[in-house]
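Here are my notes on the structure, set out as numbered points that can be checked one at a time against the coordinates.

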Amino acid sequence: MKSKKILLANILLLVALLLFIFVPSLANIFLKLKGSISGDISLLLSGGTTVITLGGIALLYCKIIKIPFNKVMVIKKISVKQVYLIMLVAVGTYIFAVGINSVSMKLFPVAIKDSMQISNLLNSSSLLLGLIVVVLLPAFFEEVFFRGIFLDAYEGVNKKVKYIIITLIFATFHGNVMQIIYVMFLGLILLKVREHTGSIVGSMTLHAANNAISFIISKIAMNYTKVINTGTNNGVIDPSQAAAAADVMNASFLVVFLRALIFLLIGGAMLYINLRKLKECIEEKVEIEPVKKDYLVRNEGNGNIKTIQYIPLTIYFASMIVIVVLRY
């Protein structure tokens, strides 16, 4: 059962990658989009692809293993206290991420380009659409895919190995250097919150809060810059991001490291304290549902499933390396 579920999840990961590559292109052809695409259109394409791909695959996974969606995803209510602690974890995560990103941009200058592209996309989109596509959709659909399907499929695998694999999958799926470095850290925190709350609702809440903080601060910074800079070109170029990037590049590594260390210490302390409190306030243990003798069990056999279950995963990581190399 375990081997076949791992194989199934890894195959579906490859399917998701292919859909994320081809669905936007097909949408461009079908909708006859030519030239530059506005921020709102780009977000709509991204959001639609996320819903169709991650949502559709999550439902397909549950259908194949014949276990209800809410049981696979472990959808359980969390307490008000847990929500409060998750909000504090989100703030700590953002502060810690500032330190990570500043060092990343110094060590990998190509990451500055990624940061500028993400910022320009968010700043050229409407507030409501941004909140839906950037904050809410990833919080639900990425969680049911990465912390839902893969936690279920890899159940029984060594915890450290499982967390490393899921974190690497989550990070590399974003496809750019800036997000790969930061999202590896975020992915680990999301797994810990999912574990400490015993419900995917916990990691969904953190994911939404983290995205909301980043999105709102980006919007505020852009609007403030528009006020003090008359030549902002309608927000297409974000001078605040450019200034921050220039500051990082011009400063010595020691200065950048010391600045980052302050954020890392403050964010790390908040994370350590509130993750411990979150773990301590679990009101009840998660009940593990008995696994039904479904299609996968009836056809387990003594084949070579264990020898091929990680082949699709290997193909996925190799493909992502090629995609990232070609992109840069």
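1. Before the details, please keep in mind that this is a predicted model. The buried aromatic residues are a good place to begin, and Phe146 is one of them, with a relative accessible area of 1%. Phe170 is likewise buried, and its relative accessible area is 1%. A search of the whole structure gives twelve aromatic pairs, and among them is the one formed by Phe146 and Phe170, an edge-to-face arrangement with 5.1 Å from centre to centre and 65 degrees between the planes. Because Phe146 belongs to helix H6 (residues 127–153) and Phe170 to helix H7 (residues 159–172), this pair ties together parts of the chain that are 24 residues apart in sequence.

2. A further aromatic pair is made by Tyr154 and Tyr310, whose rings are tilted, with 50 degrees between the planes and 6.3 Å between the centres. Tyr154 is found in the loop between H6 and H7, whereas Tyr310 is in the loop between helix H13 (305–308) and helix H14 (311–327), so the pair links parts of the chain that are 156 residues apart in sequence. The two partners can be described separately as to burial: Tyr154 counts as buried at 0% relative accessibility, while Tyr310, with a relative accessible area of 30%, is partly exposed.

3. Both pairs can be placed in a wider setting. Phe146, Phe170, Tyr154 and Tyr310 are members of one aromatic cluster, which also includes Phe20, Phe145, Phe150, Phe173, Tyr316 and Phe317. The ring of Phe170 has a charged partner as well, since the charged end of Arg147 sits over this ring at 4.1 Å from its centre.

4. Which residues touch the most other members of the largest nonpolar core? Among the 71 residues of that core, they are Tyr61, Phe145, Ile149, Phe150 and Tyr316. H6 supplies the largest share of this core, namely 14 residues. For Phe150, the contacts that remain once neighbours within four places in sequence are set aside are with Ala9, Asn10, Leu13, Phe145, Ile166 and Ile169.

5. The packing of H7 against H14 deserves a point of its own. The axes of these two helices come within 11 Å and cross at roughly 35 degrees, and the crossing is left-handed. On the H7 side the contact is made by Ile165, Leu168, Ile169 and Thr172, and on the H14 side by Leu313, Tyr316, Phe317 and Met320. Tyr316 and Phe317 therefore appear here as well as in the aromatic cluster.

6. Two glycines within helices are worth inspecting. Gly187 is located in helix H8 (residues 177–197) and is buried, with a relative accessible area of 0%. The C-alpha atoms of Gly187 and Thr167 are 5.2 Å apart in space, although the two residues are 20 apart in sequence. Leaving out neighbours within four places in sequence, Gly187 is in contact with Arg147, Thr167 and Phe170. Gly130, for its part, is located in helix H6 and counts as buried at 0% relative accessibility. Its C-alpha atom is separated by 9.4 Å from that of Ala212, a residue 82 places away along the chain, and Gly130 touches Leu43, Val135 and Phe215 when residues up to four places away are not counted.

7. Where are the two residues with a positive phi that I would check in the backbone, Lys66 and Val74? Lys66, which is not a glycine, has phi near 60 degrees; its place is in the loop between helix H2 (39–65) and helix H3 (69–73), and at 46% relative accessibility Lys66 counts as partly exposed. Val74, also not a glycine, has a positive phi of about 55 degrees and is placed in the loop between H3 and helix H4 (80–107). At 17% relative accessibility Val74 counts as buried, because the cut-off for that class is under 20%.

8. As for the chain as a whole, it has 14 helices and zero strands. Of its 328 residues, 47% count as buried. Among contacts between residues at least 6 apart in sequence, 85% join residues that are at least 24 apart.

Key. Residues are numbered from 1 along each chain as its sequence is written. This is a predicted model: local features need pLDDT of at least 70, side-chain atom pairs count only at pLDDT 80 or more; totals for chains, interfaces and linings use all residues. Side-chain values use heavy atoms; hydrogens and water are left out. Rings of Phe, Tyr and Trp (its six-membered ring) pair if their centres lie within 6.5 Å; planes under 30 degrees apart count as stacked, over 60 as edge-to-face and the rest as tilted. Helices (H or I, at least four residues) and strands (E, at least two) are DSSP runs, numbered from the N terminus. Buried means under 20% relative accessible area, exposed over 50%, partly exposed in between (1.4 Å probe, protein chains only). A charge sits over a ring if NZ of Lys or CZ of Arg is within 6 Å of the ring centre and within 35 degrees of the ring normal. A nonpolar core is a set of buried Ala, Val, Leu, Ile, Met, Phe, Trp, Tyr and Cys residues joined through side-chain atoms within 4.5 Å. Contact means heavy atoms within 4.5 Å. Axes are lines fitted to C-alpha atoms, for helices over the stretch in contact, and angles run from 0 to 180 degrees between N-to-C directions. A crossing is left-handed if the near helix is turned anticlockwise from the far one by less than a right angle, and right-handed if clockwise.
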